[in-house]
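This report covers helix packing, backbone exceptions and internal space. Start with the helices.

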Amino acid sequence: MGYPDQRFDVNLSILFTELPLLERPAAAAAAGFTAVELWWPWIETPTPDRAELDALKKALDDAGTQLVGLNFYAGQLPGPDRGALSVPGAESDRFRENIEVVADFAASVGCTALNALYGNRVEGVDPQVQDALALENLVLAARAADRVGAILLVETLNKPESPLYPLVSAPAAIEVVDKVNAATGLGNAKFLLDLYHLSMNGEDLSQVIKAYAAKTGHVQIADNPGRGAPGTGTLPLERLLDELKDAGYTGRVGLEYKPGDRPSADSFDWLPASARAAG
């Protein structure tokens, strides 16, 4: 058990950001990793030119890296936004324009996990109106994901850093997952269990794992405090990942931490090089 027994991937939207997007897959490969994930890379548009999509596919292929997770369009992220799908008007429209773009790109690179960030509460808009819109859009996204053999992920964030985001507990995200699955009948909506965000919310991580491992489609980690690499904070991440395995989780673990004031390639000293290639 322990870290060498996990299947890790590197989030290229928070690690290796000192490099241009198209150079990051090769940098991850040079550090020993074979699997990567991404937030939506084109924050200004839900519908980038085909040439940009093709260039990213080529960079992934040339590096020999498998894209295992991709976010749908989420507004300005990094930035003030936390998703678009529950925000009425232009942002919801952009999310819908993005759905098939993401699904088709995922199919082209064999990516089977698509993350849909819920979006912030909007001042002056009834939360029930936002939740109804969110369910509509998540149903569309779940169907598109299913079309390409992927799962749809719904993520809990943390209230201190995302005070306007409504899904700031594991049960809140699980409720949305269950509603989407009930509406589609597909069963492909899953929980994105991020141990850093849940710890920031003060949740009992071991209890969350026991309760929701069966509904978890992807896991992400960073240490707390600081959102740094494992070992820079106080979270017992190695033990918690063992608990996830014991609870039946067999999926990947995304490294979504900040490298600090050192190059990203130097932030993996906690993980033996032999344990970085994900099978």
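## Helix packing

In α3, S92, F95, R96, I99, E100, A103 and D104 meet L133, E136, N137, L140, A141, A144 and R147 of α4. Contact means heavy atoms within 4.5 Å. By class, this α3 and α4 contact has 7 nonpolar, 2 polar and 5 charged residues. Ala, Val, Leu, Ile, Met, Phe, Trp, Tyr, Cys and Pro count as nonpolar, Asp, Glu, Lys and Arg as charged, and the others, Gly among them, as polar.

The model is predicted: local features need pLDDT of at least 70, side-chain atom pairs count only at pLDDT 80 or more, and totals for chains, interfaces and linings use all residues. Residues are numbered from 1 along each chain as its sequence is written, and side-chain values use heavy atoms, with hydrogens and water left out. Helices (H or I, at least four residues) and strands (E, at least two) are DSSP runs, numbered from the N terminus.

Three helix pairs are set out below. Axes are lines fitted to C-alpha atoms, for helices over the stretch in contact, and angles run from 0 to 180 degrees between N-to-C directions.

| Helix pair | Axis distance | Crossing angle |
|---|---|---|
| α3 and α4 | within 9 Å | roughly 10° |
| α4 and α5 | 9 Å | about 65° |
| α2 and α3 | within 11 Å | roughly 30° |

What does the angle make of α2 and α3? α2 is roughly parallel to α3. α3 and α4 are also roughly parallel to each other. α4, by contrast, is roughly perpendicular to α5. The cut-offs are simple: angles under 35 degrees count as roughly parallel, over 145 as roughly antiparallel, 65 to 115 as roughly perpendicular and the rest as oblique.

α2 covers residues 50-63. Its crossing with α3 is right-handed. A crossing is left-handed if the near helix is turned anticlockwise from the far one by less than a right angle, and right-handed if clockwise. L53, L56, K57 and L60 of α2 touch V101, F105, S108 and V109 of α3. The contact of α2 with α3 divides into 6 nonpolar, 1 polar and 1 charged residues.

α4 (residues 127-147) and α5 (residues 170-184) form another packed pair. α4 passes α5 in a right-handed crossing. On the α4 side the contact uses L135, L138, V139, A142 and R143; on the α5 side it uses V176, K179, V180, A183 and T184. Its classes are 7 nonpolar, 1 polar and 2 charged.

## Backbone exceptions

Most residues other than glycine have a negative phi, and most peptide bonds are trans. Which bonds break the pattern here? The peptide bond from L77 to P78 is cis, with omega near 5°. P78 sits in the loop between β3 and α3 (90-109). N224 and P225 are also joined by a cis peptide bond, with omega about 5°. P225 lies in the loop between β7 and α8 (237-246).

F16 is not a glycine, yet its phi is positive at about 65°. F16 belongs to the loop between β1 (8-11) and α1 (24-30).

## Pockets and cavities

On a 1 Å grid over the protein atoms alone, a cavity is a set of points where a 1.4 Å probe fits but cannot get out, and a pocket is an open set with protein on both sides within 12 Å along at least five of seven lines; lining residues have an atom within 4 Å of a point. Grid points are joined across faces, edges and corners, and a volume is the space filled by probe spheres set on the points.

The largest pocket has a volume of about 280 Å³. Of its 17 lining residues, W39, L77, R82, H197 and R227 are the closest to its centre. L77 thus appears both here and at a cis bond. The lining has 6 nonpolar, 5 polar and 6 charged residues.

The second largest pocket holds about 230 Å³. Of the 14 residues lining it, Y118, D131, E175, V176 and K179 are the closest to its centre. α4 and α5 each supply at least two lining residues. V176 and K179 also belong to the contact of α4 with α5. The lining has 10 nonpolar, no polar and 4 charged residues.

There are 3 cavities of 30 Å³ or more. The largest cavity has a volume of about 60 Å³. β3 gives the most to its lining, with 3 residues. The lining of this cavity divides into 5 nonpolar, 5 polar and 1 charged.
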